[in-house]
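Me: Can you walk me through this model? Short answers, please.

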Amino acid sequence: MTTGRNSTGPRLAFLGLVAAMAVAAGCTDSRLLTGVYRTTAEAPVVVDGVPGLEGGAYLELVLGEYGPDVAGIIRFYADPDFIQTIGGVCHCRFLTKGRFEGGVLVFAFLDPSSCSQATVDLISARLTESDNGDTLEGPIGRVLATARTARFKRTTAAGDLGSEDKTCDEVGSELPVDSGPGDEAAETGEGAE
Amino acid sequence: MTLRCKAAWIAILLAGLVLPADAAPPKKSAIGLPESAVPRRRVAILPGRDFRIDPGALFIEGEPVSSPDAGAILADAVARTLAREPEVATVRPADLRQSAESTESPELVVRGLLHLGQERYRDIRIPEAISALEQGIASARKVYLDILSPDLMSDLYLYQGLCHVEQGQTAQAHVAFKNLLLVTPGRKFRKGWFPQATEAAMRTAAEDFIRTNPKESLMGGLERVEAFLKFARATAAVATYLTGAPGEAGAVEVRVAEVSRQSGGHLVLVARGESPWSGPEAAADTASRTVSGWLACAVLPSREVVEKPLARFYLDTTAAYSVFLRVPTRRLFSNAGFGIGLAWQVKEGLDVFGRVNVLNAFEDKFGDLVKQFWTIRVTAGVGYSLRGNWGRVFLHTGLAFDYLSDFESTTDPNCKFWPNDPARCPASNVRRPTYLLGGAVALGINATIYGPIYFAFQVGVAAYFVSNESDTPVNFPISLEAGLGYAFF
């Protein structure tokens, strides 16, 4: 019995030490922001100076947070059900320069009004996370100081994020104003998003 | 003498010549006691001797007859006392004496030399007789025939003395006769058998013996007793004898000598008993009391403090924690798992060891590890250790090999979000070291908990020089391990 007591003590102490060191080395949840966020039906996003988004659009953010870095996609829809794409606008854009620090998410994406990769116009966003982490709110526009505020709510948690959520074909996603996705696919030879 | 007989003597003589000076005692000579389940200490009982010699009674009318030997009574009393102690095995001369008929018996050779000496003496070839007898005496002493076969030894000294008398070498004859009395103090001779001069020489030797024989001369000195004990595979000896000049009652003397327990210890006198002679029963009582007194404090197997030999193998299993100090991620990440190690103590202070650790990586703070991975670490080398009953401390140095299963890390968030999309994540943005090879050093302690069970703790560090990625992006792991171990053999 003495042996057991003697051997348990050091083992427990060691396991405690391991746990403490593991926490100290950074066993924290680095996926707080990761998930899918959508604008609410009542408040479509208006981005001034961006054709196709000036009249209001429904945006979907697919985010992956890795420490201070954020990667992801932004998609653009014409209806609050997030089905109809917007004519003449890229269906999606990859986020660039995504950062998440102090509860504020900052990112940019290429102007979706032209699906050309060559475009250099960036649209930026600075969204502040709510206390519960399910809401992001802040300006989106060419100039943040004058941009209108957008509000996003989390619709998919990190664990439910699938590979299809992360898919984006920027070049092949631009749709003509008066044509459907099937025609675009026929022209480019690629599947539309 | 027939030709065949002469040939036999020559053969015996040659055999005596080739007997090595330090001939190892026949192994069988120490046999004689049944193996016991109880560990027993072997104690040799030297022949009891009655040195109460009366020179006037050295020569008697008619044939000498054997009378009850008081010395033998003392030795028997000692044997009875020792026999009551189950942890003592007594060794008496009869147990050590080889059969005289055995062809390997050194006694046979000595007896042959005695007969040769006797022949030469009768042929009045005295120098040759002395040579044979001296050779016989030397051979006999080497195999302790003065203890095992005193009558044979006595005859050798007798004829040696007679030869020296014939040669007119009085001093040598005197010594020979005194030696005769030392091995057989109770020996008597037929009156008129020897010339008057010889009888006088023998009587003079006896008188001198009484005056000069030192009481403590056990077999001629403790060194010889020590050698005899080795021969008898015993660690103690008991000697008994009676002393006293003619006209005195005499005294009973008992001596116990044992090998010192210190390293390289010699024989020391540990008990002595003396009492005036007042009969065989009282003498036996003195011998018994002396031996009992010694036994009360003697180191017997059950009282022996046995130092348990230290283990030669150390096997441990541990919980292990490790951190690579150089990593391709922006923050360090933890690795935890288990370890199993075996060390073989090749010799005191030096061991060889082998160790295997299996460690699982924890997620790093920024998620730069694309996925968790396993590290299988094998280390092997030599160690320098300091050991005791408390355990051991060691410094292990050796080679270390790490296999990293599915290690992938990147600081590019796109590679984390689209890890399998080459368009979003160029392969160059992901580090994939698979194996690492280098050196390791560890400092540890094994602290005994109970018996062979010990608590194991060690801290180590490694440095890798070889990897499938040229710049060895993962390097310098420090590790902590704690667990339990078992020391064996």
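Me: Among contacts in chain B between residues at least 6 apart in sequence, what share joins residues at least 24 apart?
Reply: That share is 67%. Contact means heavy atoms within 4.5 Å.

Me: Anything to know before I read on?
Reply: This is a predicted model, where local features need pLDDT of at least 70, side-chain atom pairs count only at pLDDT 80 or more, and totals for chains, interfaces and linings use all residues. Residues are numbered from 1 along each chain as its sequence is written, chains are lettered from A and ligands numbered from 1 in the order in which they are written, and side-chain values use heavy atoms, leaving out hydrogens and water.

Me: How many helices and strands are in chain B?
Reply: Chain B has 12 helices and 16 strands. These are DSSP runs, numbered from the N terminus: helices are H or I with at least four residues, strands are E with at least two.

Me: How do α5(B) and α7(B) cross?
Reply: Helix α5 (residues 126-142) of chain B and helix α7 (residues 150-167) of chain B cross at roughly 150 degrees, and their axes come within 9 Å. Axes are lines fitted to C-alpha atoms, for helices over the stretch in contact, with angles from 0 to 180 degrees between N-to-C directions. So α5(B) is roughly antiparallel to α7(B), a term for angles over 145 degrees.

Me: New topic. Where is B:Phe476?
Reply: B:Phe476 sits in strand β16 (residues 475-488) of chain B. Its phi is positive, near 55 degrees, and B:Phe476 is not a glycine.

Me: Is A:Lys97 buried or exposed?
Reply: A:Lys97 is exposed, with a relative accessible area of 65%. Buried means under 20%, exposed over 50%, partly exposed in between (1.4 Å probe, protein chains only).

Technical notes
Parallel < 35°, antiparallel > 145°, perpendicular 65-115°, else oblique.
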